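Please look through the structure shown here, following the chain from strand to strand before turning to a single side chain.

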Amino acid sequence: GGALITDAPNGNTESWNVGLNYRNSISPKIDFSGNYFAANTTTIVRSNSFRQNFFPNDSVSYSKDDSYSNNKSLNQTFNTRFEYRIDSMNSILLIPTIGVQHSTSNNYDSVTTRAVGSVTDYKAIGGSSQRSNTRDGWNVGNNLLFRHRFHKAGRTFTIGWNTSVSESDGEGLNVSP
């Protein structure tokens, strides 16, 4: 037989988002627009459980498990768009983008089991682990397009060039004494 008392994992998530948009016709031939977005999330989760097992005519064991995690992330993006109208039939479009990411994670778990009998009382199992991770990254992209409209409606020729560069670095630590 046995009994289990558990605090269900309860967590709190806190987040915020922000965004800005801008648009302007710099001249009759040049349009510019841009936006910036940021999203931040923090989640903290804690859980605890206590278990009691009865072994008939022998002993009782008591187990206690605790865990905690804290995860954070911040993502930012910046996008722009430049359009240059060479004439009524030709235009150049430049669309650069930049993104930056940062995240951290910290986790802790522990378990302890005691065995209790008529003449014994000892720690049967014990352990803990701690993990932490950090990740940082960025990406830059670019899209360059040349567009030519033909006189016949709906006919367009477009040629483009895309570039993209990104990097992501992470570090982790895992301790289990």
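**Three strands and one serine**

The model is a predicted one, and a useful place to enter it is the pairing of strand β5 with strand β6, which covers residues 156–175; the two run antiparallel and are joined over 20 bridges. Within this pairing, Gly137 has Ser168 of β6 as its bridge partner. The connection between β5 and β6 makes a hairpin with six residues between the strands, and Gly154, which lies in that turn, has a positive phi of about 85°.

Strand β5 (residues 121–149) also pairs with strand β4 (residues 90–117), again in the antiparallel sense, and here 27 bridges join the two. One of the positions that can be followed across this pairing is Pro96, whose bridge partner in β5 is Asn142. β4 and β5 likewise form a hairpin, with three residues between them.

From the strands we can turn to one residue, Ser129, which is placed in strand β5. Is Ser129 buried or exposed? Its relative accessibility is 16%, and because buried means under 20%, Ser129 counts as buried. Beyond its neighbours within four places in sequence, Ser129 is in contact with Asn107, Tyr108 and Asp109, and also with Val175 and Ser176. Of these, Asn107, Tyr108 and Asp109 fall within the range of β4, residues 90–117, while Val175 falls within that of β6, residues 156–175. The side chain of Ser129 also makes a polar contact of 3.1 Å with the side chain of Arg131. In a regular strand, side chains alternate between the two faces of the sheet.

Conventions
Residues numbered from 1 in each chain as written. Predicted model: local features only at pLDDT ≥ 70, side-chain atom pairs only at ≥ 80, totals over all residues. Heavy atoms only, no water. Pairing = 2+ DSSP bridges. Helix = DSSP H or I, 4+ residues; strand = E, 2+ residues; numbered from the N terminus. Buried < 20%, exposed > 50% of the residue type's maximum accessible area, 1.4 Å probe, protein only. Polar contact = N/O pair within 3.5 Å; in protein donor to acceptor, adjacent residues only side chain to side chain. Contact = heavy atoms within 4.5 Å.
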